[in-house]
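Welcome, and thanks for taking a look at this one with me. Please have the sequence and the coordinates open side by side as you read.

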Amino acid sequence: QNVSRWYPNVVEQSSSANPELRQTTAWIMGQDRQYPPFHEALLRLIHDPQPMVRRNAALSLSLFGDPAARPELTAMLRPFTVNAPAGGLLKYRLKLGDYVNPGTLVAHIGDIEVRCPVPGEVRSLERAEGSTVRAGDPLVDLSADKNHVWEALRALYLIGEPADLEEVQRYTRPVAGMPETVLRQAALTAEAIQSRNAAP
């Protein structure tokens with residue numbers, strides 16, 4: 001059956017106040033590169049306040065061949081810092097080495113719950129337990145997630161540019177927690193970028 005009759009509704013839902021809906025539509029809209037309103041909506045979602053929405057939008061934009069995805073894709077290759085949304089007394093709810101998923105409770109600041117927006121392993125706790133923090137202070141440093149790294153490398157295979165090579169080539173060497181598939185994809189991506197930009 002022709003699913004395209006649902007496309008206008010997908011575009012409409014991409015503006016939902018619910019971040020999970022925006023995240024899902026950002027993925028769906030990468031499945032048909034022949035529908036211009038999808039491309040337009042993704043260019044809006046690449047600036048979404050929620051990292052998971054931006055990441056799905058970037059992966060979908062890469063399928064459109066759009067270089068607007070590159071900054072978010074290279075960000076997916078780097079560690080992520082969870083910052084304090086407000087000021088107050090800090091109480092952590094995790095420890096070094098814990099693996100977190102989106103939505104995992106990171107800490108309480110007073111009565112406010114701080115939840116992790118992206119997956120990753122806790123590399124460091126940036127503030128002392130029981131200290132008073134201010135809004136914007138770094139709380140937790142997370143490693144890049146292996147699945148997100150692999151997806152970002154696959155996307156940069158399509159649209160990566162020479163400026164992205166340094167980030168990509170870090171993964172052509174063994175990195176703690178990264179499987180062999182990531183190393184192989186990094187090598188393929190670096191080769192694709194270099195061949196695309198080789199002098200004729």
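## A first sheet

In what order do the strands of the open sheet that includes β8 run? The order is β1-β8-β6-β3, an open sheet of four strands with antiparallel pairing. At its edges are β1 and β3 (99-100), each of which pairs on one side only. Please keep in mind throughout that this is a predicted model.

Strand β8, residues 138-142, makes a good anchor for a tour of this sheet, and four of its five residues are buried. On one side, four bridges join β8 to strand β1 (residues 80-83), and the two run antiparallel. Within that pairing, V82 stands opposite V140, while N83 stands opposite P138. Strand β6 (residues 120-125) is also joined to β8, here by three bridges, and again the two strands run antiparallel. In this pairing L125 has V140 as its bridge partner. V140 of β8 is therefore a handy residue to select in your viewer, because V82 stands opposite it and L125 is its bridge partner as well. If you follow the side chains along a strand, a general rule helps: in a regular strand they alternate between the two faces of the sheet.

## A second sheet

Another open sheet of four strands has the order β5-β4-β2-β7, and its pairing is antiparallel. Here the edge strands are β5 (112-115) and β7 (132-133), each pairing on one side only.

For a closer look, take the pair formed by β4 and β5. Strand β4 covers residues 105-109, and four bridges join it to β5 in an antiparallel arrangement. One landmark in this pair is L105, which stands opposite R115 in β5.

## The enclosed helix α4

Is helix α4 enclosed or open to the outside? Of its 13 residues, 12 are buried, so the helix is largely enclosed by the rest of the structure. The buried residues include P51, M52 and V53 towards the start of the list, and L59, S60, L61 and S62 towards its end. R54, R55 and N56 are also among the buried residues of α4, and so are A57 and A58. The cover over these residues includes the helices α2 (19-28), α3 (36-45), α5 (70-76) and α6, along with strand β1.

The length of α4 can be checked too. Helix α4 takes in residues 51-63, and at 1.5 Å a residue its 13 residues should span 18 Å; the C-alpha atoms at its ends are 19 Å apart, which agrees. After the helix comes G65, which has a positive phi near 75°.

## Two sides of helix α6

Helix α6 offers two residues to compare. H148 has its place in this helix, and with a relative accessible area of 14% it is buried, because the cut-off for that class is under 20%. Leaving aside residues up to four places away in sequence, H148 touches M52, R55, M76 and P119. M52 and R55 are themselves among the buried residues of α4.

L158 also lies in α6, which spans residues 146-159. With 43% relative accessibility, L158 counts as partly exposed. Together with L63, Y157 and L188, L158 makes a nonpolar surface patch of about 350 Å².

## A look at helix α1

N9 lies in helix α1, residues 7-13. Its relative accessibility is 39%, which places N9 in the partly exposed class. N9 and T25 are 16 residues apart in sequence, and their C-alpha atoms are 9.8 Å apart in space.

## The whole chain

Stepping back, the protein has eight helices and eight strands. Along the principal axes, its C-alpha atoms fill a box of roughly 55 × 45 × 25 Å. Of the 200 residues, 44% count as buried.

The exposed area comes to about 10,600 Å², of which carbon and sulfur atoms supply 52%. How many of the contacts between residues at least 6 apart in sequence join residues at least 24 apart? The share is 60%.

Notes
Residues are numbered from 1 along each chain as its sequence is written. This is a predicted model: local features need pLDDT of at least 70, side-chain atom pairs count only at pLDDT 80 or more; totals for chains, interfaces and linings use all residues. Side-chain values use heavy atoms; hydrogens and water are left out. Buried means under 20% relative accessible area, exposed over 50%, partly exposed in between (1.4 Å probe, protein chains only). Two strands pair if DSSP finds at least two bridges between them. Patches are made of residues with over 30% relative accessible area and no salt bridge: like charges are joined within 9 Å, nonpolar side chains (Val, Leu, Ile, Met, Phe, Trp, Tyr) within 5 Å. Accessible areas come from the Shrake-Rupley method with a 1.4 Å probe; for residues, only the protein chains shown count as cover. A salt bridge is a side-chain nitrogen of Lys or Arg within 4 Å of a carboxyl oxygen of Asp or Glu. Contact means heavy atoms within 4.5 Å. The expected span of a helix is 1.5 Å times one less than its number of residues.
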